[in-house]
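Here is a short set of exercises to work through with the viewer open. Try each task yourself before reading its solution.

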Amino acid sequence: IRVHLGDVPASNYDRMGFTKGVVRHIQSEDAWLVGTERGELFLFNNKGKQLWKRSLGIGKLISLCISNDGTIAYVGEASPEGNLYAIYITSGDVLWKCKASDYVGSETSKRSHPSIVHIVVDKDDNVYANAYRFLMTETGKRAYNAKMLALSKEGKVLWQFPEKEGMDSWINWC
């Protein structure tokens, strides 16, 4: 099955030629979850019919992970807040969100926005997410402010690494 985002009603995704996104098959629903650079999340059945659409804001959706039972999608964005969202797959409703900007900061005037770049879940559905943003130093070099976050499936932050300061590292894999 091919679903052309340009065919999605009222979205006009083909206007710019192409749009990057993240895609996961949801086995429990036998459907496809699609997140776009425009901050929109879609669920399509296997025939290409749109089941729901959720606009999550102004950020680019760049990472996606599914809970072990297939009921919750964890979606990471790059934006001034750099949110990590927990979304009910059957309805598209937001269960909770966590702002990466609270952990790695954000400097909109310098276009230094946080991103949730990778998400995984363990056997207990605890969520692990890597968050970072890059900064330009006064000498013109890139520096990073990064953390790994661990959250419960209810969205409570269990721990962060490093605990106090950020890492000057590009952490993009859990």
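Buried means under 20% relative accessible area, exposed means over 50%, and partly exposed lies in between. Keep in mind that the model is predicted.

**Exercise 1. Is S152 buried or exposed, and where does S152 sit in the chain?**

Step 1: Find the residue. S152 lies in the loop between strand 11 (142-151) and strand 12 (157-161).

Step 2: Apply the cut-off. The relative accessible area of S152 is 10%, and buried means under 20%, so S152 counts as buried.

Step 3: List the surroundings. Leaving aside residues up to four places away in sequence, S152 touches W96, D125, N126, V127 and L158.

**Exercise 2. Now treat E81 in the same way: find its place, its exposure class and its contacts.**

Step 1: E81 belongs to the loop between strand 6 (72-78) and strand 7 (83-88).

Step 2: With a relative accessible area of 29%, E81 is partly exposed.

Step 3: Not counting residues up to four places away in sequence, E81 is in contact with K97, K99, A100, S101 and P114. The side chains of E81 and N83 are joined by a polar contact of 3.1 Å.

Step 4: Set sequence against space. E81 and T108 are 27 residues apart in sequence, while their C-alpha atoms are 9.8 Å apart.

**Exercise 3. Work out the layout of the open sheet of 4 strands: what is its order, and which strands stand at the edges?**

Step 1: The order is 1-2-3-4, and the pairing is antiparallel.

Step 2: Strand 1 (21-26) and strand 4 (50-55) each have a single partner strand, so they stand at the edges and one side of each has no neighbour in the sheet.

Step 3: On average, neighbouring strands of this sheet are turned by 15° against each other, direction ignored.

**Exercise 4. Follow strand 2 and describe its pairing on each side.**

Step 1: Strand 1 and strand 2 run antiparallel and are joined by 6 bridges. I26 has A31 in strand 2 as its bridge partner. The hairpin of these two strands has 4 residues between them, and D30 takes a positive phi near 50°.

Step 2: Strand 2 (residues 31-36) pairs with strand 3 (residues 40-45) over 5 bridges, again in the antiparallel sense. Here G35 is opposite L41 in strand 3. This hairpin has 3 residues between its strands, and G39 in the turn has a positive phi of about 75°.

Step 3: Check the cover. In strand 2, 5 of its 6 residues are buried, which leaves the strand mostly covered.

**Exercise 5. How many bridges join strand 7 to strand 8, and which residue of their hairpin has a positive phi?**

Step 1: Strand 7 and strand 8 (residues 94-99) run antiparallel and are joined by 5 bridges. A86 stands opposite W96 in strand 8; W96 is also one of the residues that S152 touches.

Step 2: There are 5 residues between the strands of this hairpin, and G92 has the positive phi, near 85°.

**Exercise 6. Step back and describe the whole chain.**

Step 1: Count the elements: 1 helix and 12 strands. Along the sequence, the pattern reads β-β-β-β-β-β-β-β-α-β-β-β-β.

Step 2: Of the 174 residues, 43% are buried. The chain exposes about 9,800 Å², with 50% supplied by carbon and sulfur atoms.

Step 3: Among contacts between residues at least 6 apart in sequence, 39% join residues at least 24 apart.

Note on methods. Residues are numbered from 1 along each chain as its sequence is written. This is a predicted model: local features need pLDDT of at least 70, side-chain atom pairs count only at pLDDT 80 or more; totals for chains, interfaces and linings use all residues. Side-chain values use heavy atoms; hydrogens and water are left out. Two strands pair if DSSP finds at least two bridges between them. Axes are lines fitted to C-alpha atoms, for helices over the stretch in contact, and angles run from 0 to 180 degrees between N-to-C directions. Buried means under 20% relative accessible area, exposed over 50%, partly exposed in between (1.4 Å probe, protein chains only). Contact means heavy atoms within 4.5 Å. A polar contact is a pair of N or O atoms within 3.5 Å; within protein, one must be able to donate a hydrogen and the other to accept it, and residues adjacent in sequence count only if both atoms are side-chain atoms. Accessible areas come from the Shrake-Rupley method with a 1.4 Å probe; for residues, only the protein chains shown count as cover.
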